[in-house]
Amino acid sequence: MKTYQKLLGTSCLALCLVGCGSGGGGESPVEIRVSNNGDFQISSKVDSVTIQGVKLNRGNCVVNFVPVEEAVQMGLLILSQITPISVQDFKDMASVYKEFDQKERVANIENRISQLKQKGVMMEPQTLKFGEKIEGISQGCDIIEAEIQTDKGTWTFNFNR
């Protein structure tokens, strides 16, 4: 009986950390792990999958893949070498460039945000091969639910905390 209880407890813990997914009809091509501080990691479980969007807590949490604030501390040269992924990454970069009166860069970023919105996507598509991952953060957010839009369907993961 104790072995059964340990197995059940371990299974519940794994579900809490990785999440239960639904959508697309079949098994999800990705898995997501979240931490208590808003960090998350999306991994591919198939040969190739393209992440087209990530929505946390039904859109109530901001999604960042690029640590723009950290890059700013290192200087504008570092910031110019970073490729933004989410719409929020683009917005954060535009704010920094506005502070430094970089009008052309701001215009280019605002144009890219507009293009993403016209396509109805939340981010630049990111293709992951089997075992590859992409990491992000949603500061100040306790992630309870994550919706991941892929080229293979949309998957919703719930985390019991």
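The legends below describe three close-up views of a predicted model. Local features rest on pLDDT of at least 70 and side-chain atom pairs on pLDDT 80 or more, whereas totals for linings use all residues. Residues are numbered from 1 along each chain as its sequence is written, and side-chain values use heavy atoms, with hydrogens and water left out.

**View 1. The largest pocket and its lining.** The volume of the largest pocket is about 340 Å³; a pocket is an open set of points on a 1 Å grid over the protein atoms alone where a 1.4 Å probe fits, with protein on both sides within 12 Å along at least five of seven lines, and its volume is the space filled by probe spheres set on the points. Its lining (residues with an atom within 4 Å of a point) comprises 14 residues, with N64, V66, P67, I137 and Q139 the closest to the centre.

**View 2. The second largest pocket.** This pocket holds about 280 Å³ of space, and among its 17 lining residues V54, V63, V87, Q88 and M122 lie nearest the centre.

**View 3. The surroundings of E145.** E145, in strand β7 (residues 145–150), a DSSP run of E of at least two residues, has a relative accessible area of 14% and is therefore buried (under 20%, 1.4 Å probe, protein chains only). Its side chain makes a polar contact (N or O atoms within 3.5 Å, one able to donate a hydrogen and the other to accept it) with the side chain of R58 at 3.1 Å. Beyond neighbours within four places in sequence, E145 is in contact (heavy atoms within 4.5 Å) with residues including K55, L56, T156 and F159.

Definitions and conventions: Helices (H or I, at least four residues) and strands (E, at least two) are DSSP runs, numbered from the N terminus. Buried means under 20% relative accessible area, exposed over 50%, partly exposed in between (1.4 Å probe, protein chains only).
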